[in-house]
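Welcome! Here is a short tour of a structure that may be new to you. Have a look at the sequence and the model first, and then read on.

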Amino acid sequence: MNLNLVTCYSVLLKINKLTMLLKFDLNGKSQSVDVPEDMPLLWVLRDTLQLKGTKFGCGKGLCGACTVHLDGNAIRSCSIPVSQVQNKKVVTIEGLGQGQLHAVQQAWIEEGVPQCGYCQPGFMMATADLLQRIPNPTDADIDDNITNICRCGTYYRMRKAIHKAAQLNQKA
Amino acid sequence: MWKATRRNFLIKTGAGLGLALGLGWVGKKAIRGFFVEQADKGALVQFSTDTEPQYWFEVQKDNTVLFHSPKIEMGQGVFSALAQIVAEELEISVNQIKVVHSATSHGPIDPNTTGGSDSISSTFSQLSMLAALMREMLRERAVALLEIPLSGLSAQNGHVIGQGKKLSYAQIVAQTSEWSLPATEPTLKKPEKYQVIGKPLPRVDLEAKVKAEPIFGIDATFPDMAYAVVVRSPYFGAVRGIVNAQEASKSLGVIKVVEQPDFVAVVAKSRYEALMAKEKLQIEWTSPTPLLQQKEVNEIVQIGKGDLTVVQENGDLTCLEEGEDNIKLEFHTPLGTHAQMEPNGVAAYYKDGKVVVKMSTQSVKNTRNEIAEATGIRAEDIDIHPTFMGGGFGRRLYTPHAYEAVVLSQEIGLSVHVLFEREQEFQNGYLRPPTHHKLSAKLNNGKIEAIEHQIASGDVAFGSSLVPSFAPTVLGADFGAWRGGLFHYENIQNNSVKYWRCQLPFFTSWWRGLGLMANSFAIESFIDELAKKAKQDPISFRIAHIKQDERGKRLIGVLKEVQKISGFGQKVLSEGHAMGVACATDVNTPVAQVAEVKIENGAIKVLKVYCAIDPGLVINPDGVKAQCEGAISMGLSASMFEELNIEDGKVMPNQYLQYQMAQIRDIPDIEVSILSSGDTPRGVGEPPMGPIAPAIANAVASLTSTRMTKIPFKQYQFS
C-alpha cells in the first residue's frame, strides 16, 4: 500500500473535470493554476496565489474592495470565475506600478488618503482604470465612475487624490 | 538586543481607575453620580498594564527602535500618534521608530480596549514617561562609556552626544549588560519645547497601505492552513436541529464538517471549497417563538416602556408638566450597523496545549480571556497577535470567531482560518440599537427656563462582555446609550435626563460614538427649534445657555470658530442654499459643525461641512483632521441613508448597496479647524460623530419648512 493519496486525489479531480488547468498573465508574468473553474478570481489570487492585496468585502460585486484589472479594465474579482481570465491579462494592486509607485499611488501618498487601508487597493485600481478612460475627470466623472465603498470616510481626500493623479499623469 | 521590561519601566505609573474599583466602598447613588460625571468627561479609563513579561521598546542593531504598541491600528492613526509621543521624549526621529502590534507573548497587554476615543489620552503620560526613562538610562550609561559627566551629555536624534563624541543608542545597548533606573524621575518636556508632537507628519503606515502591504485578520495565514466557514444562526431565536453533512462532507476539498454544541463548521483545503460545501449542508432550524418583526422592535423601544433611570436632574421641572405653551418634539433613530470593510477573520494554530491566534480585535485581553474560558486553555498559553484592522467602529469588541478557530484547529490538527461572510456580519455581529427621544422645554423671555430629554434605547454597554454583569443593577442607565444625551447647556437651571432601558431580544451594542449620534441629533435639533421660537440666532442662542466655566468656554470657542470659518449667519449664500449648526461635547472634546445644503432632485445634497474641534493637546493635526473628515462622512452616511429592519427574525438588508451608505458622490468638501487648548490630549475619533446629523437637519429646517425628526433623512422628499 504505497499509494500517494494526494496524487490519486488530483487525478480523480481531473478525470471528473473538477479542476482545470488555467493560464493567464498575472502582473506581467505567466501564471498557471489548477483550480475549480468556477472559483472566483478573488479566491485564486488571495488563497491559491497568496496575493493578499486584493480584498474581500462582500463577495457580490457590490463594494469594490476586490477590484483588479482584466485586459486593462477594472472588474470586481469576487464575481468573475477564474475560467474567464484564461489567456487574459490580470493586474492586481501588487502589479499596478510595475515595481514603482503608480501615479495613483503617488497621489494617494501626497494627499494622505488611507485610514484603515482595507478598501484602498480597490479604489486605487478603480481610479487607475478611470484615468485610462478619462485622463482628466471632472467631479461629475468621479461621482459617476467611482462607486466603491469606504467606511472610514476617506472620500474627501480621495477626490483630491484622483485629481492629483490626473495631474501627475499629465506631467509624466 | 536589549529588552526593557515593564518592571523596569512602570515605576511611576498609576494603577488603573476602573468602574469596579470604587464599588466596594461607595454607595450606589454616589457611584452613579461619579460614574455619570466621569463617563461624560471621558475620564473613565486610565492606562496600566498588568501582565508579565512584556516590553515596549527594542533597540535594533541599525539604531532603529521597535515599538510594541498595545493599541491597535484600525485606521485612526494611533501608530503615528504614539510614535510621535515616543519620538519626542526618546529624542529619535519618527522614521527611526518601527511600530508593530504588541503580541500577548511579547509586548504590553492593553488592559482596556482600542476604542472609546481614549487611545492617546489614556497612554500619553505613561508613554512619555517610559520614553523619557529610556532616554535617561541611555544617557546615564554613556557617562561610563564616553567618560563624560552626565551634565555634558545630551540625547539627540538617536545618539548621546557630548564634547565632540557620540554614541548611537544601538552602540550603547551593545555595550551594556545591566541597566539601572535613573536616580530621579525624568522631567518631561513642556509643550512649548515640543519638536515632534504637534507636527502634521504623514502617517507611519501610509506607504505600506498604498502598496497594500499590511496584513489584516482576514489575510492572516499559517503554513498549510485550512479554511473554515462557520454556519451561523440564520435568524434571531433560531434553534439548531439535525445536521445532515453527508453531501457537504463529500464536497470537493472538504477536510471535515465539525459539529460542536454551539456551532457547525465546514473545514476545507480552500476557502472557496469551504463556501461551496457549506451550501450543501442541510441543517434544520426551528424557532420556539414567533419570528421577530420590526413592528415589535418599534414597540419595545419607546419612551414609557422598559426600566426608568434618572441620569441628570437639577432644579424644578414642574413647569414642564402644566404649561400648554411648552415646546415638545419627538425623534427616532433606526437600527444601524458598523459595515466595516474588512469582514472579521481569524487564523488559529493549536499545538501541544498552546495556541497562536492572528486576528483583528479591539480587545486583545478580552478575546484571550474568552478563548481561555471557552476552551480551558490557560490564558498564558494563548498568544494573540493582533493584526491591522480593516475598520473597527466597535465591531471588533465582539470576537466569538476566535474561539471557533481555536476549537477547529484543535479538532483537525491543522491551523485554521475562520471568515465571517458579509451577510453574517449583518446578521450575526451586533447592531446599533434604535432610539426614541422626547424633548420638552419652556421658554421664558427668550431663554430656556426648563428642559427635559427622555431617551429610550436598546442596550449598548449592558450585555457586552466588557462590562460587568452587575452594571445594570448598580447603574440602572446604560452609559453607552445615554452618551451625548446630557445637556451641556448648563445655564439652563432646570433640567432633566431620563433614560428608559428597552431590552431587545437580539444583541445591540458598541458603535462609533455609542449613543452620541442619536442623542446629539435629538438635542441639537430641538435646541434649534427653541432658538427659532425665541427668534434668535442659533449660535448666540446656544452660547447664551452655555456656562462660562472652563469646559463651557471651550464649547463656546468651537462655536465661534465654526461661525468664523463658515460665515454662518453672515455670509450671503447662493439661492436655494442654507446652513445649519450643531455642537457636542464628547470625551471632553467640544466640536461644532456647520452644514451647507441644497435640495437637488427632491433630495438633500450636503455641499460643505465646516468643523471646529478642540481636542486639547494635538499630537498630529493631520491625523485629527482625518478623524474629523472620517467621522463626518460616517455620520453623514448613517444619518442620510442607513437603516436596518427586522423581517422574520432576519436583519434586512444584509449586503452593501441594499444597505445604502455614502459613496464618493455624497461626500461634500470638509473644512476642519483645530483649536488646541491645554497640555493634555483628549479624544478625537468619536466626538465629530455628534453634530453632523443635527447640522444637516437644522440646515434643511432653515431651507424648507420641514423639521426632520427621523433618521435616515432619505425618507424625506422635497419638491
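## Chain B at a glance

Chain B contains 20 helices and 27 strands. Its radius of gyration is 27 Å, close to the 27 Å that the globule rule gives for 719 residues, so chain B is as compact as a globular protein of that length. Please keep in mind that this is a predicted model.

- Measured out along its principal axes, the C-alpha trace of chain B spans about 80 × 75 × 55 Å.
- Buried residues make up 53% of the 719 residues of chain B.
- If you take the contacts in chain B with a separation of 6 or more, 79% of them are between residues 24 or more positions apart.

## Chain A at a glance

- Chain A has six helices and five strands.
- Following the sequence from start to end, you meet these elements of chain A in the pattern α-β-β-α-β-β-β-α-α-α-α.
- The C-alpha atoms of chain A fit a box of roughly 65 × 30 × 25 Å along the principal axes.
- Of the 172 residues in chain A, 51% count as buried.
- Contacts that join residues at least 24 apart make up 62% of those in chain A between residues at least 6 apart in sequence.

## The two domains of chain A

- Chain A splits into domain 1, covering 18-95, and domain 2, covering 103-171.
- The centres of domain 1 and domain 2 of chain A, taken over C-alpha atoms, are 22 Å apart.
- Domain 1 of chain A brings 14 residues to the contact between them, and domain 2 of chain A brings 12 residues.
- On the side of domain 1 of chain A that touches domain 2 of chain A, β3 (67-70) and β4 (73-76) of chain A each supply at least two residues.
- The largest share of that side of domain 1 of chain A comes from β3(A), with three residues.
- By residue type, this side of domain 1 of chain A has six nonpolar, seven polar and one charged.

## Where the chains meet

- The contact between the chains draws 49 residues from chain B and 44 residues from chain A.
- Elements of chain B that each give at least two residues to the side touching chain A are α7 (206-210), α9 (271-280), α19 (621-640) and β27 (669-674).
- Of the elements on this side of chain B, α19(B) gives the most, with eight residues.
- The side of chain B that touches chain A is made up of 27 nonpolar, nine polar and 13 charged residues.

## A covered helix in chain A

- Helix α2 (residues 41-48) of chain A is mostly covered, with seven of its eight residues buried.
- The buried residues of α2(A) are Leu41(A), Leu42(A), Trp43(A), Val44(A), Leu45(A), Arg46(A) and Asp47(A).
- These buried residues of α2(A) pack against β2 (29-35) of chain A, and also against β8 (226-231) and α9 of chain B.
- After α2(A) comes Gln50(A), which has a positive phi near 60°.

## A three-stranded sheet in chain B

- Three strands of chain B form an open sheet in the order β5-β6-β7, with antiparallel pairing.
- β5 (154-156) and β7 (165-168) of chain B stand at the edges with a single partner strand each, so one side of each has no neighbour in the sheet.
- On average, and with direction ignored, neighbouring strands of this sheet are turned by 30° against each other.
- Three bridges link β5(B) to strand β6 (residues 159-162) of chain B in the antiparallel sense.
- Ala155(B) has Val160(B) in β6(B) as its bridge partner.

## An enclosed hairpin in chain B

- Strand β22 (residues 577-586) of chain B has eight of its 10 residues buried, so this strand is largely enclosed by the rest of the structure.
- β22(B) runs antiparallel to strand β23 (residues 589-600) of chain B, and 10 bridges join the two.
- Ala582(B) finds its bridge partner in β23(B) at Gln593(B).
- β22(B) and β23(B) make a hairpin with two residues between them, and Val587(B) in the turn has a positive phi of about 40°.

Conventions:
Residues are numbered from 1 along each chain as its sequence is written. Chains are lettered from A and ligands numbered from 1 in the order in which they are written. This is a predicted model: local features need pLDDT of at least 70, side-chain atom pairs count only at pLDDT 80 or more; totals for chains, interfaces and linings use all residues. Helices (H or I, at least four residues) and strands (E, at least two) are DSSP runs, numbered from the N terminus. The radius of gyration is taken over C-alpha atoms; the globule rule is 2.2 Å times the number of residues to the power 0.38. A residue is buried if 20 or more other C-beta atoms lie within 10 Å of its own, exposed if 12 or fewer, and partly exposed in between; C-beta atoms are placed from the backbone. Two residues are in contact if their C-beta atoms, placed from the backbone, lie within 7 Å. Domain bounds come from an automatic or database domain assignment. Ala, Val, Leu, Ile, Met, Phe, Trp, Tyr, Cys and Pro count as nonpolar, Asp, Glu, Lys and Arg as charged, and the others, Gly among them, as polar. Two strands pair if DSSP finds at least two bridges between them. Axes are lines fitted to C-alpha atoms, for helices over the stretch in contact, and angles run from 0 to 180 degrees between N-to-C directions.
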